Amino acid sequence: MENLPHLILPTKTIVTLVFYLFLIVYATFTVVFYYHWQNYSMNKGATTATHIAYFGITIPLLALMGLSLLAL
Amino acid sequence: MQTKLYEKIELESDEVVITTVRKHWFVITVELMVIILFGLVPVFLFMGVLALPPQSIVSTFVQTGTPLITFCLATWLLMSTLAAVTSWTSYYLDLWILTDRRIIVIDQIGYFNRKVSNFRLERLQDINVSITGLIPTLLNYGIIRAQTASASENNFISYNLPDPRGLQSQIQAAMDARLTTIEKIPDAALE
C-alpha cells in the first residue's frame, strides 16, 4: 500500500471536475427530457409549464454551482 | 381535438376518444413530496449546524467553507429536481385512452422504457377492478385487469387508476356498443 502512488488533488480541482461532469449529465438529461415532452405530450400547455418550471429551477441552481465554484 | 399524441398513435377513421385517464393524483403527490423532503434534508442539516456553538469544529468549517457547502447544496438540490422531473414525466406521459374501438395503454417507465399497447374492445372478455387499502378506498383509486380473447394480445393490468369502477362501466358500455356495431355491420370488425 505504501508503494502505491498517491493522487492528491486540490479541492478546487475536484469541485471543478465534478461541476463539468455534472454539466455533461445535465445536458444529456435535458436533451432526453425535452425530446420526450416534445414527442409524447398531448398538451402544449402542460409541456410549456413543465419546461418553464424545469429551466426556471435548474438554471439558477447551475448558476449557483458555478458562482460558488468561482468563490472557492 | 386532434393532438400530437393521437397523430403519433394514429386513430382509425371515425374512431372517437371516449376518455383519457392518468394515474391518480395522490400517487404523483406522494412521489414528489418524498423527493422534495429528500432534497431538503441537507438544508435542514445545514440549519442545524448553524445552531451549534460557534467554537465547534463543524461550525468553524461552515463559516470558512461556505462556497463548498453552497456548491454541494446546489448539486444536491439539482439532483433532487432531476429526480422530481423524471417522476413527473413518467406520471404525465403514462396514459390510458379509451376509444369506441379499443383501449390504448401507454406505459412510460422512466425515459428509456415506453410501451404502447392496443386492446380491441370486441376481444376483451373479463374486466376486474380491485381497490385495496385504506387510502385507495378513501380516494377511490385502484387496479384494473382485463383479459383478451386473442392469443396475440396480452392481458393487461393497470395500477392506481382513478375511479376504477366508473372506468369499468365506461369500458363495458363501449364494449357493448362495439359488439352491437359489429353485429349490425360485420365488416366493422375488419376496420
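## Exercises on a two-chain predicted model

Asn140(B) sits in the loop between helix 5 (134–139) and strand 6 (141–148) of chain B; helices (H or I, at least four residues) and strands (E, at least two) are DSSP runs, numbered from the N terminus. This is a predicted model, in which local features need pLDDT of at least 70 and side-chain atom pairs count only at pLDDT 80 or more, while totals for chains, interfaces and linings use all residues. Residues are numbered from 1 along each chain as its sequence is written, and chains are lettered from A and ligands numbered from 1 in the order in which they are written.

**Exercise 1.** Classify the exposure of Asn140(B), Asp14(B) and Thr13(A), and give phi for Asn140(B) and Asp14(B).

Solution.
- Step 1, the rule: a residue is buried if 20 or more other C-beta atoms, placed from the backbone, lie within 10 Å of its own, exposed if 12 or fewer, and partly exposed in between.
- Step 2: Asn140(B) has 15 C-beta neighbours inside 10 Å and is therefore partly exposed. Its phi is near 60 degrees, a positive value in a residue other than glycine.
- Step 3: Asp14(B), in the loop between helix 1 (4–9) and strand 1 of chain B, has 8 such neighbours inside 10 Å, so Asp14(B) is exposed. Phi of Asp14(B) is near 65 degrees, again positive in a residue other than glycine.
- Step 4: Thr13(A) belongs to helix 1 (residues 11–40) of chain A. Thr13(A) is exposed because 11 other C-beta atoms lie within 10 Å.

**Exercise 2.** Describe how helix 1 and helix 2 of chain A pack.

Solution.
- Step 1: helix 1 of chain A and helix 2 (residues 44–71) of chain A pack at about 175 degrees, with axes 12 Å apart. Axes are lines fitted to C-alpha atoms, for helices over the stretch in contact, and angles run from 0 to 180 degrees between N-to-C directions.
- Step 2: the two helices are therefore roughly antiparallel (under 35 degrees is roughly parallel, over 145 roughly antiparallel, 65 to 115 roughly perpendicular, the rest oblique).
- Step 3: residues in contact (C-beta atoms, placed from the backbone, within 7 Å) include Phe19(A) and Trp37(A) of helix 1 of chain A and Tyr54(A) and Leu62(A) of helix 2 of chain A.
- Step 4: by class, this contact has 9 nonpolar, 4 polar and no charged residues. Ala, Val, Leu, Ile, Met, Phe, Trp, Tyr, Cys and Pro count as nonpolar, Asp, Glu, Lys and Arg as charged, and the others, Gly among them, as polar.

**Exercise 3.** Which strands of chain B stand at the edges of the sheet 5-6-7?

Solution.
- Step 1: 3 strands form an open antiparallel sheet in the order 5-6-7; two strands pair if DSSP finds at least two bridges between them.
- Step 2: strand 5 (124–130) and strand 7 (156–162) of chain B are at the edges, because each has a single partner strand.
- Step 3: strand 5 and strand 6 of chain B pair over 6 bridges, and Asn128(B) stands opposite Arg145(B) in strand 6 of chain B.
- Step 4: helix 6 (residues 164–184) of chain B lies across strand 5, strand 6 and strand 7 of chain B, at about 170 degrees to strand 5 of chain B.

Conventions: Two residues are in contact if their C-beta atoms, placed from the backbone, lie within 7 Å.
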